[in-house]
Amino acid sequence: MLPFAYTDELIETVEAWDGTIGAPSPRNRKTDRIRVFKNRFVEDVLATSHPILPGVWFGPFIAFGLYTAVTSEAWSIGAGLGLYALGILGWTLLEYSLHRWAFHFHVDPDDFDAKMRLFMLHGYHHEFPNDKWRLVAPPLLSWPLAVIVFGAYWLMGGTETAFILFGGTTAGYLAYDWAHYYTHHFRPKNPVGKLIRRSHMVHHYKLFQLNMGISSPLWDWILGTWGWTEDAVKEALAADKAAAKERADHAAGKPVGKEAPENAAK
Ligand SMILES: [Zn+2]
Ligand SMILES: [Zn+2]
């Protein structure tokens, strides 16, 4: 068996998918998740991740970057901390750019390979937004990206500066990963949490090309992709709630969607 062979379940899901990144299609609303890879090591270790794990992998870089920022001989403490903050800001722009320009496009529904690529990048998350095990990026995605980012910083400024910038960027990345998990699994009461969660629900269920920042709306505000109306927020929250009910009903063996008595044709 090839290590990266896909499951039949994934192939069927992608075949049935229309190639559009948006709200979950009816057939995918019955469950939180599907299995992607046949190989157990690839599926359980490389392609999924418990939400705590990015903190374990990247925590040491976050701490070491900060330590380097305040102890560096090449940079004053102020300049070191400024670089660290620049690293955080760099992450927010990367988060926005990847999501807006690399993850959100439409592919021809008849082109299976193109659909599969897009599904693996971002389609899965929009079709199964509540999959606890695929909400923070797994090593298969985050580690190669980390190597590229560190390499770019190293080329720009050498080892010490790279560690400071990279510490900031990984801090921003971790904040994003956890903020994203929070938006899908918690109901915040504080105003900042509410803003982040609601804008992301609008992205998932209403205005798919807007609210591309997840950890903050900064770049949406600057680049004109901020989408927020009271109606959009209300409808998006209702859609998220309805999807959760469908999954719970399905898990409890009750009829779902069109089969449910309240939705049956009169
Ligand atoms: Zn998206
Ligand atoms: Zn999401």
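Here are some questions and answers about this predicted model.

Q: What is the mean pLDDT of the protein chain, and over which residues is the pLDDT below 50?
A: Start with the whole chain: 95% of its residues reach 70 or more, and the mean pLDDT is 92. One stretch falls below 50 and has two contacts in the model beyond near neighbours in sequence. Where pLDDT is low, the predicted coordinates should not be read in detail. So the mean is 92, and the stretch to treat that way is residues 262-266.

Q: How are helix 3 and helix 4 oriented: roughly parallel or roughly antiparallel?
A: The axes of helix 3 and helix 4 sit 7 Å apart, at an angle of about 150 degrees. Angles over 145 degrees count as roughly antiparallel. Helix 3 and helix 4 are therefore roughly antiparallel.

Q: How many nonpolar, polar and charged residues are in the contact of helix 3 with helix 4?
A: On the helix 3 side you'll find Gly-65, Leu-66, Ala-69 and Val-70. They meet Ile-77, Gly-80, Leu-81, Leu-83 and Tyr-84 of helix 4. Glycine is put in the polar class here. The split comes out as seven nonpolar, two polar and no charged residues.

Q: How are helix 7 and helix 9 oriented to each other?
A: Helix 7 covers residues 191-205 and helix 9 covers residues 230-251, with their axes 8 Å apart. The packing angle is about 75 degrees, and 65 to 115 degrees is the range for roughly perpendicular. That's why helix 7 and helix 9 are roughly perpendicular.

Q: How do the residues of the contact of helix 7 with helix 9 divide by class?
A: Helix 7 brings Arg-198, Met-201, Val-202, His-204 and Tyr-205. Helix 9 brings Ala-232, Val-233, Ala-236, Leu-237, Ala-239 and Asp-240. Sorted by class, that's eight nonpolar, one polar and two charged.

Q: Which helix supplies the largest share of the largest nonpolar core?
A: This core has 20 residues, and Leu-83, Ile-164, Leu-165 and Phe-166 touch the most other members. Helix 3 (53-71), helix 4 (77-103) and helix 6 (139-185) each supply at least two residues. The largest share is eleven residues, and it comes from helix 6.

Q: Is Phe-166 buried or exposed?
A: Phe-166 lies in helix 6. Setting aside residues up to four places away in sequence, Phe-166 touches Phe-61, Gly-65, Gly-87, Val-149, Phe-150 and Tyr-153. The cut-off for buried is 20 or more other C-beta atoms within 10 Å. Phe-166 has 28 of them, so it is buried.

Q: How many C-beta neighbours does Leu-86 have inside 10 Å, and what does Leu-86 count as?
A: Leu-86 is in helix 4, and its contacts outside four places in sequence are Leu-165 and Gly-168. Thr-169 is 83 residues away in sequence, yet 8.1 Å away in space, C-alpha to C-alpha. A residue with 12 or fewer neighbours would be exposed, and one with 20 or more buried. Leu-86 has 13, so it counts as partly exposed.

Q: Where is Asn-211 found, and what is its phi near?
A: Asn-211 is in the loop between helix 7 and helix 8 (218-223). Asn-211 counts as buried because it has 25 C-beta neighbours inside 10 Å. Most residues other than glycine have a negative phi. The phi of Asn-211 is positive, near 55 degrees.

Technical notes:
Residues are numbered from 1 along each chain as its sequence is written. Chains are lettered from A and ligands numbered from 1 in the order in which they are written. This is a predicted model: local features need pLDDT of at least 70, side-chain atom pairs count only at pLDDT 80 or more; totals for chains, interfaces and linings use all residues. pLDDT is the predictor's confidence in each residue, from 0 to 100. Two residues are in contact if their C-beta atoms, placed from the backbone, lie within 7 Å. Axes are lines fitted to C-alpha atoms, for helices over the stretch in contact, and angles run from 0 to 180 degrees between N-to-C directions. Helices (H or I, at least four residues) and strands (E, at least two) are DSSP runs, numbered from the N terminus. Angles under 35 degrees count as roughly parallel, over 145 as roughly antiparallel, 65 to 115 as roughly perpendicular and the rest as oblique. A nonpolar core is a set of buried Ala, Val, Leu, Ile, Met, Phe, Trp, Tyr and Cys residues joined through C-beta atoms within 7 Å.
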